[in-house]
Amino acid sequence: MRKQLLLITPLLVSAVMADAQVSVIIDANADNVPISPYLYGKNGATSDQATPTSAADMLRMRDAGLRFARMNNGNNATKYNWRRKLTCHPDWYKNVYNCDWDQSATALQDELPNVQGMYAFQLIGKAAKTGEYNFNDWAYNQSKWGEWCSQPVCGGGELDASGKLIKKGDPSLYLEDWPADSTVGIYKHWRDDLGLDMSQFKYWSMDNEFEMWPWTHKDVIEKNTDEVFEMMMQNYFATAKAIRAIDPTVKLCGPVAGSEWTWYTPADGQPSYKGKKYCWLEYFIMRCAEEEKATGVNMLDVLDIHFYPGENKVSDILQSHRVLWDRNYVYPGANGVKTVNGGWDESQKKEYILGRCQDWIDKYFGPYRDITFGISEYDNTNSFNPTITALSYASFIGEGARHGMEYFTPWTWNTGMWETLHLFGRYAQDVNVSAVSSNEEMLSAYTSISTARDSMTVILINRSENNAQKVSLTIGNFEAKDGAVETLQLANLPSSESFNSHTDNALVAGTVNVTSNMLSVEVPPLSMTAVMIPSATASVEEFSAHAVAVYPNPTTDVLYVSNDGSVKSVDILNANGVVLKSVAASSANDVAIAVSDLSKAVYLVRICTENGVKYSTVVVK
């Protein structure tokens, strides 16, 4: 169960020194960007192998509020053959292995119907055909891992004892031709043969990191040349047209660029086009825009990149979210950006990669073309403790919400990330609102409001490693309810996984006082704190409009919460924010909570639904 947070309102007691007060000005009418539920995503949810996903993992994903899963296994998707249920491993001798996307997609629909699944279309022109010619890795060195594993020896190739390539394998032995109609055929197979509801599979990754195929799929592409880049783009265009003919509403996500370096410079150098060199993302955007204007077929819906920051310092990784849009941030890991204009420009140290992409989209597509952004791989595995991991992850979600990012699916999943996903996925609201901090570098206030404007959630991220932050919030254009409101806090996470379910996790409950649309709170170092603020006009009657009602009120023995199927759990809290009762909804039946053992008083009722968190009060007599 959640722990009680002992505090004295309106300020938390802290034994550490606090920085100077940080002021946050919230304007509920500004920066009203809808927050995509697909920010709450990860790579992998259901198994494409013989062993299915466990019931415990399914429960954890449901309870954490997972809403999006990238299911294609990254570079392993490039040669996937849905007819034969085979693919090639990019890092293990290019060997062929069994892989069943039918199985994982069906399980996703059956077990996680609220999770949008993203798979991939193949663009390399080849797909796995047979595992008969796999390299015998056991006979070679008892299947030991090393740099030799990336050698293209499937198909009769040979290595010497040191791992040096003696003979390259013959790809024609284990690969077959895979044109556009073959790659998009999986869509019709799922829809017509398996009977899947394809509204759960609207997002399709356009292969994976194809700017670095000479590194990952060198059995097919040995070297990038201008002719190879042209082949890549023509395969992309053919696949886009083929799927648009089947379902024009599909979301095409590309180019799925692999790293900070290859955002700008692919393997073997930048492409030349019409006598000029271009950095990779500009080239891709320009070519898609040209094809779209020439054919009238939409070529791109989501500009997708991968980000693998290599920072080793806590202070640097906690600022890495600024690489996406902050045009003033001097990024210590800046590298590929120095080639953005061709050549090497040491002065290029401000990354703002998605800001740059927006500039290129406006330049080539025009300023009114609606292309969103996504990050389908992210990783910060450099031995950071769970609290640092959680805060970095939280900052990316928060910035994504501010800028209308479509989805965010980290590649690795480390301790601390379930807690962050749960806090944002269960307690953030539907629409972003403006929250300006006087010290954004150290303290961000990611703020959202419900579509009904009856509740607001402010998630305070304190990135200071040593100091608590005194935070004063002033709320505009939202009539906050005076009195005690609930806080939920994550700090000092344990080294082992602490998130087990919606009711068994590391969240610590507390309260702060709101007076005349203002509140003050002190947050500890390296922490995130959610403040849930109901509006002054919120009432039980407003819940009825959302098919949720609390009755009878007053009550003496049992409290009921109506449920149209959207209610996930109901909590009862006392005036100090302590959770006294917690009940999970198991069906569309009304939720019943025994309250006869509670003292006569007024209690806060917190109702977690698929559409956000709602509050009411109940009198126990």
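Which residues in helix 1 and helix 12 meet? In this predicted model, Arg60, Met61, Arg62, Asp63 and Ala64 in helix 1 meet Trp418, Leu421, His422, Gly425 and Arg426 in helix 12. The legends below begin with this contact.

**Figure 1. Contact of helix 1 with helix 12.** Helix 1 spans residues 55–64 and helix 12 spans residues 417–427. Two packed helices are described by the angle between their axes and the distance between the axes. Here the angle is about 40 degrees, and the axes lie 8 Å apart. Helix 1 and helix 12 are therefore oblique to each other. The residues that form the contact comprise four nonpolar, two polar and four charged ones.

**Figure 2. Burial of helix 12.** Of the eleven residues of helix 12, ten are buried, so this helix is largely enclosed by the rest of the structure. The buried residues are Met417, Trp418, Glu419, Thr420, Leu421, His422, Leu423, Phe424, Arg426 and Tyr427. Trp418, Leu421, His422 and Arg426 are among the helix 12 residues that meet helix 1, and each of these four is buried.

**Figure 3. The largest nonpolar core and the surroundings of Ile353.** The largest nonpolar core of the model contains 124 residues, and the residues with the most contacts inside it are Trp190, Trp204 and Ile353. Helix 6, residues 226–246, gives the most to this core, contributing nine residues. Which residues does Ile353 touch, not counting residues up to four places away in sequence? With that exclusion, Ile353 touches Trp263, Tyr264, Leu281, Ile305, Val323 and Leu324. Another core, of 26 residues, lies apart from the largest one; Ile26, Val431, Ala445 and Ala480 are among its members.

**Figure 4. The open sheet of eight strands.** The strand order of this sheet is 3-4-7-12-13-16-17-18, and the pairing is parallel. Strand 3 (41–43) and strand 18 (407–408) are the edge strands, each of which pairs on one side only. In the order of the sheet, strand 13 stands between strand 12 and strand 16. Strand 12 (residues 203–206) is joined to strand 13 by three bridges, and these two strands run parallel. Within this pair, Ser205 stands opposite Cys253 of strand 13. Strand 13 (residues 251–257) is also joined to strand 16 (residues 302–307), in this case by four bridges, again with a parallel run. The bridge partner of Gly254 in strand 16 is Leu303, and that of Ala257 is Ile305. Ile305 is also one of the residues that Ile353 touches.

**Figure 5. Backbone of strand 13 at Gly254, Pro255 and Val256.** Is strand 13 mostly covered or mostly uncovered? Strand 13 is mostly covered, with six of its seven residues buried. Most residues other than glycine have a negative phi, and most peptide bonds are trans. The peptide bond from Gly254 to Pro255 is cis, with omega near 0 degrees, and Pro255 has its place in strand 13. Val256, also found in strand 13, has a positive phi of about 60 degrees although this residue is not a glycine. Val256 has a relative accessible area of 0% and is therefore buried.

**Figure 6. The loop residue Asn492.** Asn492 is located in the loop between strand 23 (483–491) and strand 24 (508–514). The phi of Asn492 is near 50 degrees, a positive value in a residue other than glycine. Is Asn492 buried or exposed? Asn492 is exposed, as its relative accessible area is 69%. Val256, which has a positive phi as well, is buried.

**Figure 7. The open sheet of three strands and the cis bond at Pro552.** The strands of this open sheet follow the order 27-28-31, and their pairing is antiparallel. Its edge strands are strand 27 (550–551) and strand 31 (591–594), each pairing on one side only. Strand 27 and strand 28 (residues 558–561) run antiparallel and are joined by two bridges. Val550 stands opposite Val561 in strand 28. The peptide bond from Tyr551 to Pro552 is cis, with omega near -20 degrees. Pro552 itself lies in the loop between strand 27 and strand 28.

Notes:
Residues are numbered from 1 along each chain as its sequence is written. This is a predicted model: local features need pLDDT of at least 70, side-chain atom pairs count only at pLDDT 80 or more; totals for chains, interfaces and linings use all residues. Side-chain values use heavy atoms; hydrogens and water are left out. A nonpolar core is a set of buried Ala, Val, Leu, Ile, Met, Phe, Trp, Tyr and Cys residues joined through side-chain atoms within 4.5 Å. Buried means under 20% relative accessible area, exposed over 50%, partly exposed in between (1.4 Å probe, protein chains only). Contact means heavy atoms within 4.5 Å. Two strands pair if DSSP finds at least two bridges between them. Axes are lines fitted to C-alpha atoms, for helices over the stretch in contact, and angles run from 0 to 180 degrees between N-to-C directions. Angles under 35 degrees count as roughly parallel, over 145 as roughly antiparallel, 65 to 115 as roughly perpendicular and the rest as oblique. Ala, Val, Leu, Ile, Met, Phe, Trp, Tyr, Cys and Pro count as nonpolar, Asp, Glu, Lys and Arg as charged, and the others, Gly among them, as polar.
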